[in-house]
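Reader: I should like a close look at the salt bridges in this model. Please describe which side chains take part, where they lie along the chain, and whether they are buried or exposed.

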Amino acid sequence: MVYDSKRSRRKSLTIVTTTDPREKNIYNLILSLKKLKGKEDFDLEILIVDDLKLWGSPKEIPRFISGVEVKVIWNSESVGQLEAITSGMMVASTDIVLTIDPDMHQFVDRITDMMHNLDGHTRIVHAVRSHRPNIPLIRKIGSFLINKIARTVGGINIADIGSSMVLVDKKTMTDLKKAPSGINKKLYLYKKHQKNIKTINLVEMERTRFTSQYSLTMLIKLFYSTTVELIRIRLRDSYKEK
């Protein structure tokens, strides 16, 4: 599928995001998306997966969501962010899907550029923050290690496997929903469509202070779960080759 805002007057886009302990980020994300929708001619669906159990019931959803096409997905138990994002992608109702963290609201204006990169060969557009001077050292080390493991263990060679801002087209979404059970479907897509991934760089605005929502324990759990998923994908490929 090729996105062309001039030839195709109506396109549908689903935004999949997760909750954030700093609710202002979600507010800013939705506000930025509303502004983008006002400039572009496409239908917009927003899915928020409450992976942090921020809201216990529909009555607790902040009022700023009212009047916007937003759906909230609750999980019966706590899940990791990667699993949460994947579950949101699985229920998206549109041809094109973008995953994004709430704190990446400053990059919403790049979505249209990302959509224009879907040219038939490029099926996944992967956005990476290339300059993040203020993130904690532990995050930098963790990111370096998990990307190293993704390449050596999972056989997935992309700039940053942990980047949350990813755009996928219709064919890729079809592959996602047909992906084998027992493995993380988003990582499976990275492996399956490595030759169809395009990476774009995002330059983050300077922050005077960066407060991570992840504790050391949470980062270790995320590192462990992602590593396990990468091993599963590699083992599956090894079994198929026999």
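Author: The following account takes the salt bridges one by one and then turns to a helix and its cap. The model is a predicted one, and the distances quoted below are computed from its atoms.

A search of the whole structure finds 5 salt bridges. Three of them are described here, including one that joins two strands.

In that pair, the side chains of Lys 71 and Glu 45 meet with a nitrogen-to-oxygen distance of 3.2 Å. Lys 71 belongs to strand β3, which covers residues 70-74, whereas Glu 45 belongs to strand β2, which covers residues 42-50. The two residues are 26 positions apart, and the salt bridge thus links distant parts of the chain. Their surroundings may be stated in terms of relative accessibility. Lys 71 has a value of 41% and counts as partly exposed. Glu 45 is classed as buried because its relative accessibility is 5%, and the cut-off for that class is under 20%.

A second salt bridge lies within helix α5, which spans residues 170-177. Here the side chains of Lys 171 and Asp 175 meet at 3.5 Å, N to O. Because the two residues are 4 apart in this helix, about one helical turn separates them. Lys 171 is partly exposed, at 41% relative accessibility. Asp 175, with a relative accessible area of 13%, is buried.

A third salt bridge is found in helix α7, residues 216-241. Glu 229 is paired with Arg 232, and their closest N and O atoms are 3.3 Å apart. These residues are 3 apart in the helix, so the separation is again about one helical turn. Glu 229 is buried, with a relative accessible area of 10%, while Arg 232 is partly exposed at 40%.

In each of these three pairs, then, the acidic partner is buried and the basic partner is partly exposed.

Helix α6 adds a further local picture. This helix runs over residues 185-192 and is mostly covered, with 6 of its 8 residues buried. The buried residues are Lys 185, Lys 186, Leu 187, Tyr 188, Leu 189 and Tyr 190. At the N-terminal end of α6, Asn 184 acts as a cap: one of its side-chain oxygens lies 3.0 Å from the backbone nitrogen of Lys 186. Lys 186 is thus both a partner in the capping contact and one of the buried residues of the helix.

Key:
Residues numbered from 1 in each chain as written. Predicted model: local features only at pLDDT ≥ 70, side-chain atom pairs only at ≥ 80, totals over all residues. Heavy atoms only, no water. Buried < 20%, exposed > 50% of the residue type's maximum accessible area, 1.4 Å probe, protein only. Polar contact = N/O pair within 3.5 Å; in protein donor to acceptor, adjacent residues only side chain to side chain. Salt bridge = Lys/Arg side-chain N within 4 Å of Asp/Glu carboxyl O.
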